[in-house]
Amino acid sequence: MSKKNLEPNEGSGPSNVSESTPLISKKDEDVEGAGSPGLSVKQTAILIAGEIAGSGVLALPRAMSKTGWLGVPLIIMICLVAAFSGKRLGDCWSMLEARNPEMRTRKRNPYAIIAEQALGKTWSVVVSVSMIVTLFGVSVVVLLLAAQTIQFVLVSLLPALTICSWYLAVVGALIPLVFLGTPKDFHLIGLVAVCAAAVACLLYFTQMMSEASPYTFTFRYGLHGFMDFFLAFGTIMFTFGGASTFPTIQNDMADKTQFGKALQYSFGAILVLYLMMAIGGYAVYGDHVLPNVALIMSTTPLSLAANILMAIHLLAAFIIIINPVFQEMEELYNVPRDSVGWRMVVRLSVMGALLFIGESIPRFDTLLALVGASTVALLTYILPPVCYLRLINQQSGDGQNPIQEPGWRKMVCYEVIGLGVLGAIAATISALNAVFSTSMALPCYL
């Protein structure tokens with residue numbers, strides 16, 4: 001069987017692709033064999049759902065208060081768009097594998113390789129930097145939310161402990177778990193994340209309904225204004241923005257061609273949870289709902305259990321979210337896969353940076369929204385269809401003609417790109433509004 005290399009078009013990357021990170025090159029490949037055990041479709045779906053369905057479920061009722069009941073079809077539409085875009089990203093990797101046997105081994109940075117082959121070396125660097133910035137920042141926020149939730153649950157028992165103390169404790173408790181290698185090594189953590197989030201949402205919803213009455217339900221169908229709708233639009237897009245981890249998870253599948261089926265299962269489950277929380281929270285609390293809907297609920301055993309489960313979910317989701325950052329940094333510093341010692345050094349360094357930033361800026365969520373506004377939209381909604389369109393128009397090294405795709409699919413790709421650009425603008429405006437309308441907290445060590 002002859003070796004198939006990609007024949008790059010104008011602006012495309014070199015055809016002989018190694019596993020080297022786009023930030024630094026290396027001479028020797030160090031990849032796992034393609035025959036290693038991989039994730040099943042169900043395990044992949046669980047990991048994706050566990051990574052996406054996080055703190056966004058608590059923010060959606062507030063977004064609904066800005067859109068009115070038009071938020072329901074908006075959530076459904078953006079969910080379908082995110083799933084479509086994620087499927088295109090999976091198709092990109094399948095095309096690379098079909099054209100080049102070297103791609104059939106497991107890679108540490110598959111998204112960057114996709115960008116390099118489709119758009120060139122520069123965009124590979126952009127993807128790597130965007131992934132690190134986005135996932136690193138999201139990880140800090142997830143840890144802060146987990147620390148705040150634990151503080152809220154235990155405030156009556158340990159009133160003297162502040163968010164700074166709990167953040168330190170959370171980071172320290174997670175250190176043993178960050179040494180797990182790749183997603184196939186911690187698929188059970190994905191199951192914990194999904195189950196905890198699902199049960200927490202059911203408990204939250206039950207608590208909401210117990211506080212509802214015929215006189216409290218919200219029936220407003222109009223909008224507060226164009227700007228409010230615009231900001232809510234960006235928030236909803238952000239809650240579905242998890243595509244930056246998709247290639248890493250797909251690359252650990254036993255059959256990578258089944259990635260689309262895993263996406264269907266995961267996004268279907270996420271949509272049910274999101275709609276349940278968004279509709280319930282807005283219907284019961286209306287325009288008075290807080291940015292974190294859990295904070296407006298009465299303190300009951302139900303809400304207490306839900307908060308505990310949500311904290312468990314956030315901690316489990318952190319392991320999934322931060323793993324691509326670990327792998328990218330290990331590739332950057334040329335750490336062999338079998339070098340446990342150097343892997344520990346790199347990952348402890350990343351955890352130290354997470355600890356420093358979280359303790360320095362306890363309100364890091366506002367800065368994250370500003371920094372991540374463009375990168376989330378870029379990685380989730382813009383680049384996947386762009387790379388897909390470029391790759392289907394490329395010719396492989398053996399003279400294979402460009403792939404023929406239905407016209408409607410190409411049209412949808414262009415529409416998703418436009419929607420992603422709009423979402424980036426909306427998220428940026430929302431972030432700027434959050435930064436200038438809230439005061440920044442002092443660092444914990446001052």
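**Exercise 1. Where in the chain is confidence lowest, and where is it highest?**

Solution. Start with the ground rules: this is a predicted model, where local features need pLDDT of at least 70, side-chain atom pairs count only at pLDDT 80 or more, and totals for chains, interfaces and linings use all residues. Residues are numbered from 1 along each chain as its sequence is written, and side-chain values use heavy atoms, with hydrogens and water left out.

Now the scores. pLDDT is the predictor's confidence in each residue, from 0 to 100. Strand E1 (residues 6-7) sits at the bottom with a mean of 42, while helix H4 (residues 110-119) tops the chain at 92. (Helices, H or I with at least four residues, and strands, E with at least two, are DSSP runs numbered from the N terminus.) The chain average is 81, and 82% of the residues score at least 70.

Next, look at the start of the chain. Residues 1-22 stay under 50, yet the model gives them 80 contacts (heavy atoms within 4.5 Å) beyond four places in sequence. Residues 24-36 are also below 50, with 30 contacts beyond near neighbours in sequence. Where pLDDT is low, the predicted coordinates should not be read in detail.

**Exercise 2. Work out which residues of helix H7 are buried and what covers them.**

Solution. First, the helix itself: H7 (residues 187-211) has 25 residues and reaches 37 Å from first C-alpha to last, close to the expected 36 Å. That expected span is 1.5 Å times one less than the number of residues.

Second, pick out the buried ones (under 20% relative accessible area; exposed is over 50%, partly exposed in between, with a 1.4 Å probe and protein chains only). Among them are Ala193, Ala196, Ala197, Ala200, Leu203, Tyr204 and Gln207. An α-helix has 3.6 residues a turn, so residues three or four places apart point the same way.

Third, the cover includes helices H1 (41-52), H2 (56-67), H10 and H11 (301-332).

**Exercise 3. Describe the largest nonpolar core.**

Solution. A nonpolar core is a set of buried Ala, Val, Leu, Ile, Met, Phe, Trp, Tyr and Cys residues joined through side-chain atoms within 4.5 Å. The largest has 130 residues, and those with the most contacts inside it include Tyr204, Phe318 and Leu354. Helix H10 (residues 259-285) gives the largest share, 16 residues.

Then zoom in on Phe318: setting aside neighbours within four places in sequence, its contacts include Val142, Leu174, Met351 and Leu354.
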